[in-house]
Structure formats: structure tokens, C-alpha cells
Amino acid sequence: MNRRHAVMLRLVGAGVMLTVMADTTATTLAVGVLRYTPAGAAMPLGDLVWLTSAAFIPIAALLATAGRWADLFGRRRVLAVGLVVFVLGGIATVAVEPWSYVLAARAVQGAGAAAMIPASLGLLLGELPESQRRGAIALWSSASGLGCLLMQAGGGWLAATVGWRALFVPDVVIGVALLIACFALPKGRRSGARGMPDILGAWLLAAGIAVVVLAISKAMAWGMDVVWLALAALALIGGALAQARHHRLPAIDLALWRRPRFVWGWLATWGFGALSYGLLTVQPLYLLHLGYPMLEVAMWLTPTSVAVVVTAFLAGKVVQRIGAYGLIYTGSLLCGGACVLVLTQAGPTVWGLVASVVVGIGVGALAPGTSVATTLAARPHQYASAVGAATMARMVGGAVGIAVVSVVIDHPFMTGPFAGLAGALATCVAISVLIGALALTKITRLRPDPGDVMIKVPRRLLIELRTTLATVAAEADALLPVETRTPLADNHVPRPRAAEPGPLAGIRGHTN
């Protein structure tokens, strides 16, 4: 690994996450703009947020499989394919007119992003030395905040002057630049496995997760029919798991899920997705509901993104001191406290601005904390699979957060002029409490994984064990005929032969 390759790896990895997060932010801004246009006002919020859900479904459905295939067949190759699909979907989003075509184009972009995300971080971690991986994860996470910041800073102007479709143009431009830079990267390590991948298992897994996200998004609109979707999702995911147990190259890496550290990190990532995307949906809607123009809305959201970028970058150093779950607990505490502070305000105030910054700090701590907790729980040959599974959890959680927030806003359970928005913030507080409780449980009550603890055996016990083995060997040798006995030293205890060192041969000390 030369210096040029290391720099390009970081730039492309960070650029991928910047592009994906800018695309997500563009979607939430577009939903806010459409909400207050004549065409969008006639549509319920649950239908408008399909602009986001249309991309979330393929991202969540394909992430785990894309990560697995990146580990098997080459991370740079999967990254390049994902960039091509993402750019084509972005062009279609800007060009097509019917709403159904727009949603289809967003789904194509989601499929491309599903390949880009695990392949980029898997390539980054697989090629860099171990001492630089936590810093790489922090850079990768802070790039998501930078993408959000840039889109909020420039997206307000684009939406106000050109229109909501212009919000997706920067993603296409950056995607083309990343695709060109992709060919300057190393190919990335492969598992070396040969054979046909589990195509059936991949389709079953993708379909199962897609049905889960669809059921979450349409829970209120479809009523009890969602139960049938849930049963279908269980059957599809069960079939994918059955395939993984018997296939040589399964779509699901079951060995990854046998690691408790990864499972706990996956759960924390799921909660982080629900919280972050819920807040990302509430913030612009809250400000637009107060009558602020789009440019001023972007200005109010900018401090949040700045705090995310700075905190996520600094968290790469802090995580080595307090651990991943310490970051997760701190981030959830800050996000929940900021939401409570906003609930006490009647509108945008100085305290509301402070709360916005605190939310950014909290999200900036949660992003690298959850990434480290999941990704570094995997083996090097599983990095892309771990990133795919963890980001899938974040996206499924995000679908839950967006669906729940949109339902609460349209069907408020609180009273007052901002009943729906206040209920959405209260829901975000509840999610923060759950994430904090999970992190605190992991910190205080769970034992470390046996595979991650070095078992230290005292030197005295090793010496005693060696003495015992030597004594047994001497007694056994005494039972043999004289001509076949091993020559003994003066102290009548056999010493290890120099030509046949054993695991205890390096231990010094007397055997008496």
C-alpha cells in the first residue's frame, strides 16, 4: 500500500458516504418542498415520504447481499457497478415526469447505493493497516455529516431557484467523479472462494427485507393487511436462512451473526437509524410549518450538520478511550436531551439553535460509535459483509423512524398547535432512551466475548505443568527395556529435545 493508494482509498470511501447522505438529505428537503406546493398539498404525507422509502427499500434489501458479494468477488468491482447504477438512477430522477417513474428511478438509485456503501468501507478497511482503521471509520462517518451539510447549505438555494428535482443533480456529478476515481484504487482482497453464489438465497433475503420495509411504511394505510406482509417476510427470510445453512457460498454470512459483539452493534445501529432519520424528517417539516422559506430552513439546519462533521471526526480519537458503546450512550443522551429542550420551546429561539447543535453532536457520536461496534466485530474477510448488514439495520431503522414520524404527525397523540410535531419529537426521545439503555447494558452487565480476551496463564502453573509431564515421561521410560530408554540427565528428569520444540519449550526455569 503506497501513499497514493491510501489517499485515494480515503477520498473515495468518504466520497461515497458523502454522496449517499447528500442524496438522503435531498430527498427529505424535496418532501418538505412538495408538502407546501399545490401538487404535493393534495397528497398525504405518507405518500410523499415514498420519495424516501422508494430508495430505502432496495438499499435495505440489497445491502447484506451486496456486502457479501463484495467480499467474495472483489470490493472495487462491486463499488464500480454500484456507482454506475446510482448515476443512471439519478439521471432518471431528474428527467422523468410521472410520479410513479420518479419513484422507480429512486429505487434504482437505492440499488446502486446498496452496492456502494459496503464495498467502499470494506475496501477501505481491508487495505489499510489495523492501526488506521478506526480513523478511517471516523472519516467515513464524518463524510455523511459533510454531505448533509453541503446539501442543506446549497439545497435550499437549488430548491428555491430551480425546483426540487435540481436537488438530485449534485449526486449525479459527484457519482461520475467517484466512478472515474474508482479505477485508480487497488482491486481489494477477495475471500478466494470459488463456485456459484447463492442466487436464490440473495433473492429471498432481498424480497424479505423489502416486504418488511413496505409493511412498516404502509402500516397505517393498509391496516390488518400488513399482517400478511409480515408473515410473507418471515417466510422469505426463513428461506434465505435455510439456504445459508446448506449453500457453499451463502448470501448470509452466518458466522458473522454468531458473534455477540456484532449482534449488539447491529441492534444499536438499528436504533440509530430510526432516531437519525426520524430527526432528519422532523426538522425541515417543523420549520416549514412555521412559515420559514426554504433558504432560511437550510440556514437553521446548517449548525446541526457542522456539529455532525466535527464530532464524527473527533470521535475517531475518543472511541479508543471510552469505547464504541461509550460513544453510543453519550450520543443517545445528547439527542434525547436536545429533543426535550425543543419540546419546551414555543418556536425557533436561541435555545432551539443550541438544541440543534446538540443534536448534531449526538448524531456525530452515534455514527462512528455504531460503525465501530459492528464493523470491527467482524474478521477482516467479513468487513464488507458486516458493513452491509449494519447499514441494512440503519436503513430498516430509518424506514421505521420515517414511517412512525409521518404517522404521528398526521395522527397526533398530543394536543396544541404543534401536536403532531411535538409527538414526533417525543417519539425520538423514546428511541434515544432505548438506545442509551442498550449501550449502558452492554457496558455494565455483559461479559466480554471469550474470543476477544487473552487468557493469561501464570508462569508458575506452566512450570508445574512441565515438571509433571517430565516426571510422567521419566516413569514411563523406566518401564521400557534398558536398551530403549531415553538417556537421562543428572537430575533424572528428561529435558525437551532441541530438534522437537513444543509449545512449552520457550519457558525457562528449573523442573525440580
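Are D23 and R106 buried or exposed, and what does the rest of the chain offer a curious reader? Here are some friendly notes on this predicted model.

1. **The first salt bridge.** To take the opening question straight away: D23 is buried, and R106 is buried too. These two residues form a salt bridge in which the closest N and O atoms are 2.9 Å apart. D23 belongs to helix α1 (residues 3–35) and R106 to helix α6 (residues 99–127), so their pairing ties together parts that lie 83 residues apart in sequence. As background, side chains of opposite charge can pair when their charged atoms come close.

2. **The second salt bridge.** The structure holds 2 salt bridges, and E97 with R165 is one of them. Here the closest N and O atoms are 3.7 Å apart. E97 sits in the loop between α5 and α6, while R165 sits in the loop between α7 (133–161) and α8 (169–182), so this pair ties together parts that are 68 residues apart in sequence. The two partners are placed unlike D23 and R106, which are both buried: E97 is exposed, with a relative accessible area of 58%, whereas R165 counts as buried because its relative accessibility is 17%, and the cut-off for buried is under 20%.

3. **Helix α5.** Among the elements of the chain, helix α5 (residues 75–95) has the highest mean pLDDT, at 90. Its 21 residues should span 30 Å at 1.5 Å a residue, and the end C-alpha atoms are 31 Å apart, so the two values agree. Buried residues in α5 include R75, R76, L79, L83, F86 and V87, and also the glycines G82, G89 and G90.

4. **A nonpolar patch on the surface.** M224, V227, W228, L231 and L234 make a nonpolar surface patch of about 610 Å². One of these residues, V227, lies in helix α11 (residues 225–246). V227 counts as partly exposed because its relative accessibility is 39%.

5. **Where to read with care.** The chain has a mean pLDDT of 76, and 77% of its residues reach 70 or more. At the low end among the elements is helix α2 (residues 38–41), with a mean pLDDT of 62. Over residues 448–458 pLDDT stays under 50, and the model has 6 contacts beyond four places in sequence for this stretch. Residues 488–512 also stay under 50, with 26 such contacts. Where pLDDT is low, the predicted coordinates should not be read in detail.

Definitions and conventions:
Residues are numbered from 1 along each chain as its sequence is written. This is a predicted model: local features need pLDDT of at least 70, side-chain atom pairs count only at pLDDT 80 or more; totals for chains, interfaces and linings use all residues. Side-chain values use heavy atoms; hydrogens and water are left out. Patches are made of residues with over 30% relative accessible area and no salt bridge: like charges are joined within 9 Å, nonpolar side chains (Val, Leu, Ile, Met, Phe, Trp, Tyr) within 5 Å. Accessible areas come from the Shrake-Rupley method with a 1.4 Å probe; for residues, only the protein chains shown count as cover. A salt bridge is a side-chain nitrogen of Lys or Arg within 4 Å of a carboxyl oxygen of Asp or Glu. Helices (H or I, at least four residues) and strands (E, at least two) are DSSP runs, numbered from the N terminus. Buried means under 20% relative accessible area, exposed over 50%, partly exposed in between (1.4 Å probe, protein chains only). pLDDT is the predictor's confidence in each residue, from 0 to 100. Contact means heavy atoms within 4.5 Å. The expected span of a helix is 1.5 Å times one less than its number of residues.
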